[in-house]
Amino acid sequence: MAIEIPQSFWLYFIFIALLMVDGLWCMLATQNLLRILIGLEVLMKSVTFFLIVAGYVSHRMALAQAMVITVIVIEVVVVVAAAGIILGFFRKHESLNVRNTRTLKG
């Protein structure tokens, strides 16, 4: 059983790749913890979009929807934990700059 890939898949693939690169760039190029968290969100949204497109192309939308729901739940847990860590860091250092992590002990 061969999977026929529609022409529009390549357009979606390019968009997903650009979103991934944008998320990675946002995470790697900044020193601000909140911007790093936003970059992680963009990266996770591109993974979610990829799962939806892959489910559409392979005609397994039910499986893709189940995986997307799982990714969204994991994403929410990661964002809440990271936001808590960022909030604690901000309360201690009154800054969101990553360079202030060098003063931490432990």
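## Close-up views of a three-helix model

A83 counts as partly exposed, at 33% relative accessibility. The model shown here and in every view below is predicted.

**View 1. A83 in helix α3 and its distance to L33.** A83 has its place in helix α3. In sequence, A83 and L33 are 50 residues apart. In space, their C-alpha atoms are 9.2 Å apart. With a relative accessibility of 33%, A83 falls between buried, which is under 20%, and exposed, which is over 50%.

**View 2. The whole protein, built from helices.** The protein has 3 helices and 0 strands. From the N terminus on, its elements run α-α-α. The radius of gyration is 18 Å, well over the 13 Å that the globule rule gives for 106 residues, so the protein is more spread out than a compact globule. Along the principal axes, the C-alpha trace spans about 60 × 25 × 20 Å.

**View 3. Surface, burial and charge.** Of the 106 residues, 19% count as buried. The protein exposes about 7900 Å². Carbon and sulfur atoms supply 71% of that area. The protein has 8 positive and 5 negative charges, and the mean positions of these two groups are 15 Å apart. How many of the contacts between residues at least 6 apart in sequence join residues at least 24 apart? The share is 55%.

**View 4. The aromatic pair Y12 and F49.** The structure holds 5 aromatic pairs. In one of them, the rings of Y12 and F49 have their centres 5.8 Å apart and their planes at 85°, so the pair is edge-to-face. The pair links distant parts of the chain. Y12 is in helix α1 (residues 8-28), and F49 is in helix α2 (residues 33-57). The two residues are 37 residues apart. Y12 counts as partly exposed, at 37% relative accessibility. F49 is partly exposed too, with a relative accessible area of 25%.

**View 5. An aromatic cluster.** Which residues form one aromatic cluster with W10? The partners are F9 and F13.

**View 6. E75, a glutamate in helix α3.** E75 has its place in helix α3 (residues 61-93). Is E75 buried or exposed? At 4% relative accessibility, E75 is under the 20% cut-off, so this residue counts as buried. Leaving aside residues up to four places away in sequence, E75 touches E41, M44, K45 and T48.

**View 7. H59 in the loop between α2 and α3.** H59 is found in the loop that lies between α2 and α3. Most residues other than glycine have a negative phi. H59 is not a glycine, yet has a positive phi of about 60°. The relative accessibility of H59 is 71%, over the 50% cut-off, so H59 counts as exposed.

**View 8. E94 in the segment after α3.** E94 is found in the segment that follows α3. What is the phi of E94? The value is positive, about 55°, although E94 is not a glycine. E94 is exposed, with a relative accessible area of 69%.

Methods: Residues are numbered from 1 along each chain as its sequence is written. This is a predicted model: local features need pLDDT of at least 70, side-chain atom pairs count only at pLDDT 80 or more; totals for chains, interfaces and linings use all residues. Side-chain values use heavy atoms; hydrogens and water are left out. Helices (H or I, at least four residues) and strands (E, at least two) are DSSP runs, numbered from the N terminus. The radius of gyration is taken over C-alpha atoms; the globule rule is 2.2 Å times the number of residues to the power 0.38. Buried means under 20% relative accessible area, exposed over 50%, partly exposed in between (1.4 Å probe, protein chains only). Contact means heavy atoms within 4.5 Å. Accessible areas come from the Shrake-Rupley method with a 1.4 Å probe; for residues, only the protein chains shown count as cover. Lys and Arg count as positive and Asp and Glu as negative; His and the chain ends are not counted. The place of a charge is taken as NZ of Lys, CZ of Arg, CG of Asp or CD of Glu. Rings of Phe, Tyr and Trp (its six-membered ring) pair if their centres lie within 6.5 Å; planes under 30 degrees apart count as stacked, over 60 as edge-to-face and the rest as tilted.
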